[in-house]
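Please look over the sequence and the fold shown here before reading on. The paragraphs below are meant to be read with the structure open beside them.

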Amino acid sequence: MPSLPPNPHPRIGGLFDSPVPPGSGWPGDPATSRTAVAGTPADVTTLAAAAGTVEQLDAEVSVCRACPRLVQWREETAGVKRRSYADEPYWGRPAPGFGSTQPRILVVGLAPAAHGANRTGRVFTGDRSGDFLFASLYRSGLANQAICTDSADGLALNDLRVVAAVRCAPPGNAPTPAERGNCAPWLDAEWRLAGTDVQVIVALGGFAWQVALAMIRRTGGSVGTPAPKFGHGARATLDTPGGPVQLLGCYHPSQQNTFTGRLTPEMMDDVFAAARVISAR
């Protein structure tokens with residue numbers, strides 16, 4: 001594919017290549033040209049285990065290249081673009097977690113959208129799923145605004161962090177089991193660094209529910225037998241080395257769910273209202 005001319009960021013201006021090189025001034029970019037790059041799954045394991053701060057982890061996540069299929073897809077999408085965003089630069093890199101570095105509520109999703117976070121550089125930002133999620137967080141008092149259009153829009157979260165189980169946009173929104181496994185050490189490290197105060201994990205969808213259970217098991221906790229089953233509004237108590245954590249289930253705010261009414265704003269608000277009550281104890 002021939003190289004494309006740089007485009008201005010839709011909010012701050014300035015010209016950026018697609019994908020965006022680390023350290024080039026993109027708002028919210030945690031990395032620099034000197035950030036360590038994971039080129040293999042073994043590198044992910046090593047770097048994730050050695051990360052000493054959430055900021056370091058975010059930087060290293062944002063430049064990861066451990067999954068060749070995902071790297072090719074996210075960068076190809078950043079080059080081809082969607083017609084409605086043809087004049088914008090695309091982030092085209094993994095999307096790190098976003099929000100508080102010491103949250104009381106952790107929200108787990110699946111993966112960035114090809115023309116959402118893969119374009120904006122911030123998880124759940126720039127697509128209709130994010131619009132639905134952050135509007136609910138705003139109504140629930142967990143975000144300072146409902147607007148989530150780009151990484152310089154001023155959005156801030158209150159005692160809450162949003163993460164994706166897989167940090168790169170996957171073809172067909174379907175990462176392979178190997179890709180999910182390759183990315184797991186990043187999530188485990190995020191839990192180690194940011195999860196010390198977490199009282200509630202909100203799983204957006206059945207896959208995120210399973211990811212949360214697996215993360216707790218890998219990091220020294222237990223989930224009971226039989227394992228709790230996902231459902232909207234489902235609750236489970238997970239034992240962790242730091243104490244019990246509540247896992248709440250919520251249907252994913254995909255267009256398939258929100259357009260059909262399977263997930264309504266009131267249903268999502270109820271989940272976050274419960275999360276707030278639990279996290280305040």
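What follows goes through two helices, the cores, the pockets and some individual residues in turn.

This is a predicted model, in which local features need pLDDT of at least 70 and side-chain atom pairs count only at pLDDT 80 or more, while totals for chains, interfaces and linings use all residues. Residues are numbered from 1 along each chain as its sequence is written, and side-chain values use heavy atoms, with hydrogens and water left out.

A convenient place to begin is helix 5, residues 128–139; helices (H or I, at least four residues) and strands (E, at least two) are DSSP runs, numbered from the N terminus. Helix 5 has 12 residues and reaches 17 Å from its first C-alpha to its last, close to the 16 Å expected at 1.5 Å a residue, where the expected span is 1.5 Å times one less than the number of residues. Its buried residues are Ser-129, Gly-130, Phe-132, Leu-133, Phe-134, Ala-135, Ser-136 and Leu-137; buried means under 20% relative accessible area, exposed over 50%, and partly exposed in between, with a 1.4 Å probe and protein chains only. These buried residues pack against strand 5 (160–164), strand 6 (200–204), helix 8 (255–260) and helix 9 (265–279), contact meaning heavy atoms within 4.5 Å. Just after helix 5, Gly-141 takes a positive phi of about 75 degrees.

Helix 7 can be read in a similar manner. Its 13 residues should span 18 Å at 1.5 Å a residue, and its end C-alpha atoms are 19 Å apart, which agrees. Ala-208, Trp-209, Val-211, Ala-212, Leu-213, Met-215 and Ile-216 are buried in helix 7, and what covers the buried residues of this helix includes strand 4, helix 6 (177–194), strand 6, strand 7 (235–240) and strand 8. Just after helix 7, Gly-220 has a positive phi of about 95 degrees.

From the helices one can move to the interior. The largest nonpolar core has 32 residues, and those with the most contacts inside it are Leu-137, Leu-157, Leu-160, Val-202 and Phe-272; such a core is a set of buried Ala, Val, Leu, Ile, Met, Phe, Trp, Tyr and Cys residues joined through side-chain atoms within 4.5 Å. At least two residues of this core come from each of strand 4 (105–109), helix 5, strand 5, strand 6, strand 8 (243–250) and helix 9, and helix 9 gives the most, with 6 residues. Not counting residues up to four places away in sequence, Leu-160 touches Phe-98, Gly-99, Ser-100, Pro-103, Ile-105, Val-107, Leu-137, Leu-142 and Phe-272. A second, separate core of 22 residues includes Ala-165, Met-215, Val-223 and Leu-238.

The pockets come next. About 650 Å³ of space lies in the largest pocket, and of the 29 residues that line this pocket, Ala-113, Asp-127, Ser-129, Asn-173 and His-252 lie nearest its centre. Helix 5, helix 7 (206–218) and helix 8 each supply at least two residues of this lining. On a 1 Å grid over the protein atoms alone, a pocket is an open set of points where a 1.4 Å probe fits, with protein on both sides within 12 Å along at least five of seven lines, and lining residues have an atom within 4 Å of a point. The second largest pocket holds about 230 Å³ of space; its lining has 20 residues, of which Gly-28, Pro-96, Gly-97, Phe-98 and Arg-122 lie nearest the centre, and helix 2 gives the most to that lining, with 3 residues.

Finally, several loop residues deserve a look at the backbone. The peptide bond from Ser-18 to Pro-19 is cis, with omega near 0 degrees, and Pro-19 lies in the loop between strand 2 and helix 1 (41–50). Another cis peptide bond joins Thr-225 and Pro-226, with omega about -5 degrees, and Pro-226 is found in the loop between helix 7 and strand 7. Lys-81 has a positive phi of about 65 degrees although it is not a glycine; Lys-81 lies in the loop between helix 3 (68–80) and strand 3, and is buried, with a relative accessible area of 11%. Asp-159, also not a glycine, has a positive phi of about 55 degrees and sits in the loop between helix 5 and strand 5, where Asp-159 counts as partly exposed at 38% relative accessibility.

Methods:
Grid points are joined across faces, edges and corners, and a volume is the space filled by probe spheres set on the points.
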